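Grab your viewer and try a few exercises on secondary structure and burial. Each one comes with a worked solution, so have a go before reading on.

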Amino acid sequence: MSDEPQPKKPRPGWASHEPQAADAPRGRNGGEAHDADGAPDDPRTDEAALPRTDESDGDSGTGPAPARTGASAKKAAREERRAALKARRTGWRRLVPTWRMTLGAFLVTALLVVGGFLLGYALVQIPAANALATQQANVYLYADGSVIARDGEVNRENVTLSQISEDAQHAVLAAEDRDFYTESAVDPQAMVRGAWNTVTGKGKQSGSTITQQYVKNYYLRQEQTVTRKVKEFFIAIKLDRNQSKDEILEGYLNTSFFGRGAYGIQAAAHAYYDMDASELDAGRAAYLAALVNAPSQYDVIAHPENRAFVEKRWNYVLDGMVDEGWLDPAERARLTFPVPKRTTHSTGMSGQRGYIVNVVKQHLTDNKIVDEASLDTGGYRITTTLQKSKQDAFVESVNDNLMDRLDQENRKVDTYVRAGGASVEPKTGKVVAMYNGIDYVKQYTPNATRRDFQVGSSFKPFVFTAAVENGSRTQDGRRITPGTRYDGTSERPVQGWAGPRYAPENEDHEDYGDITVAEATDKSVNAVYAQMAVDVGPDKVRQTAVDLGLSPDTPDLDGAGPSIALGVANASVLDMAQAYATLANHGKHTPYTLVEKVTHNGRDVALPDRRTRQAVSREAADTTTSVLKGVVEKGTATAAQTSGRPAAGKTGTAEEDTAAWFAGYTPELATVVAVMGQDPVTAGHKSLYGAMGLPRVNGGGAPAEIWGQYTRDALDGEPVSSFSLRLQPGADESQPPAPDSSGGPSSSGDPSSASAAPDDEDTDSGAPEDSGSSSDDDGTESEEQDSTGGTTTGSPTGGTGDGGGTGTGGAGDTTGGGSTDDGSNRDELPGPGGLSGALDGRRWN
């Protein structure tokens, strides 16, 4: 023990008043701490060992000291403690945050995260859909549901979830998001995992839920940016609150890209398997679901080298369906990889498709079913009335009887040849087939609906129908029936016409003398029908044509005078088919339609009502039919007999042989065919003299041949039925010629000299109310007047029975008929030197 005096132990509350350095460490008794070698000890963390300054020195027993009380004393104590703590944090310890610092940082970070989330949620709104996501194709279908064409820049057809098979729904969920129905809109853990896999080279993975992918497809763009990802995050959360899971899944399936240009599962089902999404089974659905991950690389047709990897992905999807209970394991075991079709049928605009799309679009807008602006937005599924088998038969017949006979390299006139056709069901008004041209991408004008070619003598039946409908009489008072005799002298001036002199020529300037209306129809005698038009009245003829189905806006239909009978009007092929369908349907007119059903995004679009009306009396229509049967049997249209069915029809040739027509019908089908001449460069009308190597083209040639083959093929397998006709009273009776036939029907000037007494009793027999007694619409009823010739297949003026009888209008007189010496069928116009004396100096036919 040292002899030096030891320091006295301080009492509690005592504190040294000696000033000390702030950074000098203290020992236990307030002095400097030294180790055995005289070095200071390490600082201690025991705050209790620090000197107290807030207690009174009165108990220390060392005498009075300056008092340090109140706020100043506490402040000094705190400063001393801080200094002491600071002195203890030296070296690497300064880099380690204290628990207070850690807690503070955590609280600040949490505050920033929560604040940022709230701010982002408030600022990011659900935007309008992007332009690409809303674009759809319009899909045009045949009546049986097979696809005709798709138009629009984007191949997409939105469907409802109920129109997607459950296998397809489950396959996509198994491939993309198996917990979709139970998870939240976003999955942060999956996002982190996806980012990690992408960074580590395990493949690009978004880690997004189906909701997030739908947001990206429908509302945002595809770029990989932080901004887009943040927006996607917040929009997904909001969308999950605003839409049901089913709605989100439906949207996702309609916006996903599947390759082959197909957006949405409906377009994909057609692109790969040529079927609707509702028809997808588990195997096919699993392949489509696998495509979403890498559409281009997973197309095993385009990239057969990837098939092994694709099948692995396909198996992954199916196994997921089994794991989730969506697919029976036994069924899974039976499945084999469904290789997609190499190519499905073209849905572009080539061939007849482009024509059909344009004609149907025009029909939709003209009938105010859908406006043009709405069609441009897409999303319409339009089921047409066109029947694929009949459509194909029409194209084949045109090719066989016309296009394959052309030699465009050696005959320039063959480059002018065009064809148009339309076929209508008489009882329903449905257009079942059309022919518009060789190829829409080569010839854009649809020949079935254009109104710029004269219909020629195919208009003549409307004149006779008007005569029967209006109970018209000749200039000398004889009632007009199939047996009424006219003067068939070529270039004979019409009588009773107050306008300029009109004396039309017959074909080849042939004179026929006294001839019945039935014979004049068989031989297409212009002189007779020009006079009949005056006897009826051109205005009444026009009205009957419109009632039957021609458009009131048909060019050159108004103001034609007597020439209206020779077909100066420029009606379309489809207009004519509708009018002839009315004749075939016993005078009942149903407006034609090209559309069976229209839906938009799965919802039906209302179609206008189409009411059937009695356009003309049944007697007028049926008597016309009886006359037109003779044209096919022994007139200018014998080539139409190849149909193998009872048929009625009329040929026609336009002025200067620029068009040749045949319009005909069976009880089941009314079809009109026209062959037209048009310069491919100037689009001007051209004569067809010499086309196909023939002197001229007339209605009894290629048009009737096309009609015959098409009608036979279109009705193949359907039972053959005969016309059931109710004729006007006296239709089967012959009439004596006019008293002075040399002067024509009007030369007598004395109506009483004609034997018209029997007709006077029946002036109203052609009234519509009489024809309305029919109770059946199928044309098979037999009524008391049918025995007068209603079931005849010969000339209607030749008495009853099949094959004609002894009447003056019978089959016995066939001079000047439709056959020439060289065996070809001939129509009205002989060539450039044909008709003369027309009202305006033109040649009419």
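**Exercise 1: the E15/E16/E6/E7 strands**

Strands E15 and E16 make a hairpin, with four residues between them. This is a predicted model, where local features need pLDDT of at least 70, side-chain atom pairs count only at pLDDT 80 or more, and totals for chains, interfaces and linings use all residues. Residues are numbered from 1 along each chain as its sequence is written, and side-chain values use heavy atoms, with hydrogens and water left out.

Task: work out how E16 pairs with E15 and with E6, and whether E16 is buried or exposed.

Solution, step by step:

- Strands and helices here are DSSP runs numbered from the N terminus (strands E, at least two residues; helices H or I, at least four). Two strands pair if DSSP finds at least two bridges between them.
- Start with E15 (residues 659–665): it pairs with E16 in the antiparallel sense over seven bridges. Gly664 has Thr671 in E16 as its bridge partner.
- Now look at E6, which is joined to E16 by eight bridges, again in the antiparallel sense. Here Val424 is matched with Ala670 of E16.
- For burial, use relative accessible area: buried is under 20%, exposed is over 50%, and partly exposed is in between (1.4 Å probe, protein chains only). Eight of the eight residues of E16 (residues 670–677) are buried, so the strand is largely enclosed by the rest of the structure.
- Check both faces: Ala670, Val672, Ala674 and Met676 point one way, Thr671, Val673, Val675 and Gly677 the other, and all are buried.

Task: which way does E7 run relative to E6, and what sits in the turn between them?

Solution, step by step:

- E6 (residues 417–424) and E7 run antiparallel, joined by four bridges. Val424 stands opposite Val431 in E7.
- The two strands form a hairpin with six residues between them, and Gly429 in the turn has a positive phi of about 75 degrees.
- Five of the five residues of E7 (residues 431–435) are buried, so that strand is largely enclosed by the rest of the structure too.

**Exercise 2: the faces of H11**

Task: find where the buried residues of H11 fall around its axis.

Solution, step by step:

- H11 (residues 307–323) has 17 residues and reaches 24 Å from its first C-alpha to its last, close to the 24 Å expected at 1.5 Å a residue. That expected span is 1.5 Å times one less than the number of residues.
- List the buried ones: Val310, Arg313, Trp314, Val317, Leu318, Gly320 and Met321.
- Seen down the axis, the buried residues of H11 fall within an arc of 155 degrees, so they line one face of the helix. The arc uses directions from the helix axis to the C-beta atoms.
- Flip to the other side of H11, and Ala308, Lys312 and Asp323 are exposed.

**Exercise 3: two positive phi values**

Task: are Lys368 and Ser524 buried or exposed?

Solution, step by step:

- Some background: most residues other than glycine have a negative phi.
- Lys368 has a positive phi near 55 degrees and lies in the loop between helix H13 (353–366) and helix H14 (372–377). With a relative accessible area of 73%, Lys368 is exposed.
- Ser524 also has a positive phi near 55 degrees, in the loop between helix H17 (517–522) and helix H18 (526–536). At 2% relative accessibility, Ser524 counts as buried.
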